[in-house]
Amino acid sequence: MDYVIIVAGGKGLRMGSEIPKQFLPVAGKPILMRTIERFHEYSPELNIILVLPESQQEYWHQLCQEHHFSIKHQIANGGDTRFQSSKNGLALVPDTEDGVVGFHDGVRPFVSTEVIDECYETAREEYAAIPVYAVTDTLRYIDQHGGGKNVLRSDYRVVQTPQAFDIGLAKQAFNQEYKEQFTDDASVVESLGCQVAMVDGNRENIKITTPFDIKIAEALLNQ
Ligand SMILES: Nc1ccn([C@@H]2O[C@H](COP(=O)(O)OP(=O)(O)OP(=O)(O)O)[C@@H](O)[C@H]2O)c(=O)n1
Ligand SMILES: C[C@](O)(CO)[C@H](O)COP(=O)(O)O
């Protein structure tokens, strides 16, 4: 059986909104519902685990009632770091389970079902897969003294989610002690010494982080 862990346990500080950003409506519907719908559309059989701060779970249930949102999911408590939130979600996947588990940001509602499929199928064959896309701006490295120099952008990729792994591998990876460089789930798996395959992401799969991203999200839905 396959799983997706949708992490929405963060503080949304860069958004600065009164309502946590994952609940903000885009074209009338909370972002988090749009994200969950994408995975249900990919596969109605997929087991969905949603990670939310305990203090927001009651509000989420109210929103689900208001919006008649009925896609089945389990809920895990958010942690102080993304690593801890992912780990709390993974704890709800039985140790005996075979298959693939994906980790996806609750605030990436525009992932395509093709990209989800590519990540899951690549992880089934190669144990670990993440979606990436090429950098389109010039990139500049800034040194400790405030100086800088351009770097070769073709050496870099922008990383998205879902990040998909063999369940056994993910369980082993998240047994490690937390390290500061764990900014995504692939970095946790790589710290075991494993290779992570890259697949093409979709450019619209933005992480809604700041108020500007809400404008982009509205525009994407109105095109
Ligand atoms: N302790 C944390 C931190 C982040 N996340 C989740 O990881 C995703 C990507 O993180 P980001 O967009 O940076 O969200 P926040 O950490 O909430 O934002 P900020 O850094 O602005 O506070 C989000 O869906 C966020 O809810 C999480 O589940 N638990
Ligand atoms: C996981 C992620 O979305 C991949 O781009 C990203 O690393 C999360 O970053 P943040 O540190 O939570 O902003």
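This is a short talk on one predicted model, taken from the whole chain down to a few residues and the two ligands.

Start with the chain. It has seven helices and 12 strands. The radius of gyration is 17 Å, close to the 17 Å that the globule rule gives for 223 residues, so the chain is as compact as a globular protein of that length. Along the principal axes, the C-alpha trace spans about 55 × 40 × 30 Å. Of the 223 residues, 38% are buried. On contacts: take those between residues at least 6 apart in sequence, and 72% of them join residues at least 24 apart.

Next, the core. The largest nonpolar core contains 50 residues, and Ile5, Val51 and Val101 have the most contacts inside it. The element that gives the most to this core is α1, with six residues.

Take Val51 from that list. Which residues does Val51 touch, not counting those up to four places away in sequence? Ile5, Ile6, Val7, Ala8 and Gly9 make one run of them. The others are Ala76, Gly78, Ser85, Asn88 and Gly89.

Now helix α1. It covers residues 31-42, and Leu32 is found in it. Is Leu32 buried or exposed? It is buried, because 24 other C-beta atoms lie within 10 Å, and the cut-off for buried is 20 or more. Leaving aside neighbours within four places in sequence, Leu32 is in contact with Ala8, Gln22, Phe23 and Gly106. Ala8 is thus a name you have heard already, as one of the residues that Val51 touches. For a sense of distance, the C-alpha atoms of Leu32 and Tyr127 are separated by 27 Å, and the two residues are 95 apart along the chain.

That leaves the ligands. Ligand 1 is surrounded by 20 residues, and the closest are Gly9, Gly10, Leu13, Arg14 and Ser85. Two of those names, Gly9 and Ser85, are also among the residues that Val51 touches. By class, the shell around ligand 1 has five nonpolar, nine polar and six charged residues.

Ligand 2 has these residues around it: Arg82, Asp105, Val159, Gln160, Thr161, Thr183, Asp184 and Lys207. What classes do the residues of this shell divide into? There are one nonpolar, three polar and four charged. The charged ones are Arg82, Asp105, Asp184 and Lys207, and the nonpolar one is Val159.

That is the model, from chain to ligands.

Key. Residues numbered from 1 in each chain as written. Chains lettered and ligands numbered in written order. Predicted model: local features only at pLDDT ≥ 70, side-chain atom pairs only at ≥ 80, totals over all residues. Helix = DSSP H or I, 4+ residues; strand = E, 2+ residues; numbered from the N terminus. Rg over C-alpha atoms; globule rule 2.2 N^0.38 Å. Buried ≥ 20, exposed ≤ 12 C-beta atoms within 10 Å, placed from the backbone. Contact = placed C-beta atoms within 7 Å. Near = placed C-beta within 6 Å. Core = buried A, V, L, I, M, F, W, Y, C linked by C-beta atoms within 7 Å.
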